[in-house]
Amino acid sequence: DQRVCVMSLRVLGDLAGTAELPVLLDILRKSKATQAAEDAVAAVCIRETESTAYLDIILPWFNQAQGAPKLALLRILSSIGGPNALAAVRTATGDKNPEIKDLALCTLCDWPSVDALPDVARLAKTAADQKLKISALRGYIRLISLQDVSPERKLEALKESLALAERSEEKKLALAGLGNIATADSLALVTRFLKNPDVKEEAGVAALGIAEEMFRNGHLAPAGIAAAMEQLSTDNDKLAKRGQSLLDQAKLAAKGK
């Protein structure tokens, strides 16, 4: 009875450890209750995060799996993360089964760590499928901000992502990322979008955040701050008031000098 099988798998998922993984993986391969078996395997992996032994067990099964079980293991590998899991997902992007290939590509775009950034950047630039290209670009923008690199390198990458973005949705994400980079070059780039009706609100938030931090720390001449704030265009009253306040302060500071 399928209902009994599902209930049993839930119990196994709650109680099993790494030693029981081969049994659960065999059930996943053979059972019609694929979702319940997937949930049970995932539950074990979540509990065993302090050890990588479970991954050593899963990967050989993943390499041999086909169809629904392989799709399930792809989703599990995404939640596990790490270089070995990423390598397996990379390989799966060349799978002959289009369903597995598509999920592997989507998994790559949603990868939680910067290890996947080169792959995602390449897809954002070269993917022929528009849906995949958009997903990759969103992943690229997300991973840029997670990098432990200089603000200048992040700025260059986000500048590239803006050039790749054809829709306002991705431009907004890139502008939000730029808002976390308080440099004169970042402010200059964001300022170019302050009059763009599709993204002016996001550009305004980013420009104001950058300008406030740079003014507070004295990293940009008050005249430069004022020039940026004079271009601020927003329908948000609170944002407009903040911009006007900063503009007034910057003008006063410029006169004082």
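Let's start with Arg90: its relative accessibility is 33%, so it counts as partly exposed. Bear in mind throughout that this is a predicted model.

Arg90 has a salt-bridge partner in Asp119, and the closest N and O atoms of the two are 2.9 Å apart. This pair ties together distant parts of the chain, with Arg90 sitting in helix α6 and Asp119 in helix α8 (residues 117–126), 29 residues apart. Is Asp119 buried or exposed? Its relative accessibility is 10%, and because the cut-off for buried is under 20%, Asp119 counts as buried. So this bridge joins a partly exposed arginine to a buried aspartate.

How many salt bridges turn up in the whole structure? The search finds 13. Here are three of them, side by side:

| Salt bridge | Closest N and O atoms |
|---|---|
| Arg90 – Asp119 | 2.9 Å |
| Glu169 – Arg167 | 3.8 Å |
| Glu230 – Lys251 | 3.7 Å |

Take the Glu230 pair next. Glu230 bridges to Lys251, and here too distant parts of the chain are linked: Glu230 lies in the loop between α14 (222–229) and α15 (237–256), while Lys251 belongs to helix α15, 21 residues apart. Glu230 has a relative accessible area of 48%, which makes it partly exposed. Lys251, at 38%, is partly exposed as well.

Then there's the bridge between Glu169 and Arg167. Glu169 comes out as partly exposed, its relative accessible area being 38%, and Arg167 gets the partly exposed label at 32%. These two don't stand alone: Arg138, Arg167, Glu169 and Glu170 are linked in a network of salt bridges.

Now for helix α5, which covers residues 67–80. Does its length add up, and what span should you expect? At 1.5 Å a residue, its 14 residues should span 20 Å, and the end C-alpha atoms are indeed 20 Å apart, so expectation and model agree.

Which residues of α5 are buried? They are Pro69, Lys70, Leu71, Ala72, Leu73, Leu74, Ile76, Leu77 and Ile80. Note that a lysine, Lys70, is on that list. The cover over these buried residues includes other helices: α2 (21–30), α3 (34–47), α4 (53–64), α6 (83–92) and α7 (98–109). Among them, α6 is a helix you've already met, as the home of Arg90. Right after α5 comes Gly81, which has a positive phi, near 70 degrees.

Conventions
Residues are numbered from 1 along each chain as its sequence is written. This is a predicted model: local features need pLDDT of at least 70, side-chain atom pairs count only at pLDDT 80 or more; totals for chains, interfaces and linings use all residues. Side-chain values use heavy atoms; hydrogens and water are left out. Helices (H or I, at least four residues) and strands (E, at least two) are DSSP runs, numbered from the N terminus. The expected span of a helix is 1.5 Å times one less than its number of residues. Buried means under 20% relative accessible area, exposed over 50%, partly exposed in between (1.4 Å probe, protein chains only). Contact means heavy atoms within 4.5 Å. A salt bridge is a side-chain nitrogen of Lys or Arg within 4 Å of a carboxyl oxygen of Asp or Glu.
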